[in-house]
Amino acid sequence: MVRLAECKDKTEHKPIEVLLLPKKVYIPLSQHLGKICVPEVKVGDLVVRGQLIASAQAHVHARVHASISGKVTAIQDWPHPVLGRCKAIVIEGDGSDKLSSPSRITQAEVDSFSAEQIRNIIFEAGIVGMGGASFPTHIKLNPPKPVDTLIVNGAECEPFLNSDNRLMIEKAKEIIAGIKLVAKCVGAKNVYIAIEDNKPEAIKQFQSICDKRYAISILKSQYPQGGEKQLIKNVLRKEVPRGKLPFDIAVVVQNVATIYAIYEALYLAKPLYERTVTVTGSCIDNPKNLLVPIGTPIKELINYCGPITTKPAKIIIGGPMMGLAQFTDEVPVIKSTGGVLLFSEKEARVLEEEFCIRCGACVRECPAGLMPCLINLSSEKSLWQQAKDYGVADCIECGICNYVCPAKRRLVQTVKRAKLEIAK
Amino acid sequence: MTDRLIVAVSPHIHNKESVRKIMWLVSLSLVPAGAAGVIIFGWSAFWVIFWAVITAVVAEGILQLLTKKKVAILDGSAVLTGLLLAYNLPSNVPFWLPIVGSFFAIAIGKQVFGGLGQNIFNPALTGRVFLMACWPKYMTTFVNPGYDAITGATPLAVLRHAKMATQFSYWDLLIGRHGGCIGEVCILALLIGAAFLFVRKYISWHIPITYILTVGLLTFIFGPNGYFSGDWMFHILTGGLILGAFFMATDYVTSPLTYKGQIIFGTGCGVITAVIRLWGGYPEGVSYAILMMNAATPIIDRFTKNRIYGTNRNSSRRAIS
């Protein structure tokens, strides 16, 4: 694990701003792991904010809701930040922010919800893991084995990003209420709120309002602290056995943004149709944390944070360590989009790859205990079985090996390649 | 704007290290020892270093041209090989000896394997043992410090023949006031360079410290006057041990990847060095010790893999060996 240059200062103290309602949104039918949704609206239908517009029959999927009110003008292929292209429902806004169910649920009602009811509401709200993995939350909160520990992931170890950080600062009370519900849902007795020590404001917020039942774990700021398995190791001092999932050791990890979405779903009956996104980078004048309707093309976020000072050469969705470089600024914000980064020509320069000098930096830093340089060499020689033997399947693709490599070897790229080849 | 975006696999940021930077900074860390060598032995030492470095760079360039590879003579790795080879030579060798040695080091020690990062053996040491095998007379004739070029023996050779070498005080050994190879005599200068590498985190303690401690321990146990009577400090401060332990055994390319492996590697170097010094045919054994352990590096790497997250020690070995 490595302490990275955080570059968070630009947006650290910027309160979350609500983005003006976009005129047009492109809501992809797949924003989760699992089966792609089928539209439940037709072209020409009028929809309101929060209305269900797509779902699937399969167990593993997450519902999709309209993020603005208006008219469905098309259901077409559109650039997707993760999948490249995906079918999306296009909604042209009518400018109103009418809600489909503008109700507020009372505390007594919320208290009366059973675990099953909570899960059902989460399912209906279309909530997925918002830290990036986008696994449907209602399934994660229904572990096949009993769970006693909940870890709330507020590490946000990716440089540049502050969307979780700001959420923790501004919505601490709501997050605590959400934690209570999640803990009840999975039956967790021990709750840890894990925050990196570079977020003192968020830590203070939680310390001041959090009751004694929840432990606040202040973690060293190092990457990849927020990786699920790394977080479990550093909070609980135990490891998830190889090939197993956290619930196998009775643990569930939830990201703070997800927990906030759960709060909103249960207390405000609000489906997941908007999220916080950090828009930053050296190319824009006014980096910001924005509350953005799902489906808004990132072009609009960039314009809102403009003016653009330098022409961006690379647009990244997510953080700089694991984020995905985009080929167009038309891609929409989806449920797992925590950040939009604009890198200048200089920052985006493709570095020349040299021979591995076996310095061992990747071996020292690998949080999964692998030997990335050897996986890289096997993969380059198409020795997929060898790569497998070196444990390529255990790689979490955090990118730290690539970050520290003095020869700038494309370690993550070859790992991804090896995984694809082995899966064949 | 949309048609001109760079798309690449994550991560999108990198730290500021580069192979070139590492090689040049390691070369820089060797400057004090070289300067001390020139001060101790005079300008002849300078010319040995000069020819070794120039030949290494030129040979690297020619071979890269011939094999149609990218010419990367300024990445500092050839300079480093040249420097290390020169530091392992006496100051009074004929000018062609460093040239031949350097060429051999680059050609046979490095480029035949495919260049930087591919070689099995430390190139500088490969060059050195080649010279040792071909021109032992030049390689074992040392001059005493000063400009009068009186030949003399190294402290280790004195020890070998006389069983005692009391004319050298530890202070003499520390500052290099005795015969020996150019870069190995001034321990103080070497330690300054090594400290720099430690601070920059380019080397870790695992190889050099285990190496030196092993030599110290074994030479103490197997002393000339029975067990536990050896002058371990003398053994640590003489010969090429400090140069070898900090600058050559730690060569990234030819040493193990994990700390566990590096400790085994350092210990192995120490054992072989001590065995050669105490019972072998040569007074000095650092070069051979490191080369032999270089050969063992792949097998060490194989059995000292890191523990994969979520596995216990045994299951991980079974799974990946």
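**View 1. Trp47(B) is partly exposed in this predicted model.** The relative accessible area of Trp47(B) is 43%, and because "partly exposed" covers the range between 20% and 50%, the residue falls in that class. Trp47(B) sits in helix α3 of chain B, which runs over residues 43-66. Follow the chain onward and you come to Gly244(B), which lies 197 residues from Trp47(B) in sequence; in space, the two C-alpha atoms are 22 Å apart.

**View 2. Chain A and chain B meet over about 4,600 Å² of buried area.** Carbon and sulfur atoms account for 61% of that area. Look on the chain A side for Arg242(A), Ile357(A) and Arg358(A): together they supply 16% of what chain A buries against chain B, more than any other three residues. The contact draws 63 residues from chain A and 42 residues from chain B.

**View 3. A salt bridge joins Lys70(B) to Glu352(A).** Here the closest N and O atoms are 3.2 Å apart. Between chain A and chain B there are three salt bridges, and 21 residue pairs are in polar contact, both partners having pLDDT 80 or more.

**View 4. Several helices and strands of chain A help form the side that touches chain B.** Elements giving at least two residues each include α8 (228-236), β16 (324-326), α12 (372-380) and α15 (411-423) of chain A. Pause at β15(A), which gives the most, with five residues. By residue type, this side of chain A divides into 35 nonpolar, eleven polar and 17 charged residues.

Notes
Residues are numbered from 1 along each chain as its sequence is written. Chains are lettered from A and ligands numbered from 1 in the order in which they are written. This is a predicted model: local features need pLDDT of at least 70, side-chain atom pairs count only at pLDDT 80 or more; totals for chains, interfaces and linings use all residues. Side-chain values use heavy atoms; hydrogens and water are left out. Contact means heavy atoms within 4.5 Å. Buried area is the accessible area (1.4 Å probe) that two parts lose on being put together, summed over both. A salt bridge is a side-chain nitrogen of Lys or Arg within 4 Å of a carboxyl oxygen of Asp or Glu. A polar contact is a pair of N or O atoms within 3.5 Å; within protein, one must be able to donate a hydrogen and the other to accept it, and residues adjacent in sequence count only if both atoms are side-chain atoms. Helices (H or I, at least four residues) and strands (E, at least two) are DSSP runs, numbered from the N terminus. Ala, Val, Leu, Ile, Met, Phe, Trp, Tyr, Cys and Pro count as nonpolar, Asp, Glu, Lys and Arg as charged, and the others, Gly among them, as polar. Buried means under 20% relative accessible area, exposed over 50%, partly exposed in between (1.4 Å probe, protein chains only).
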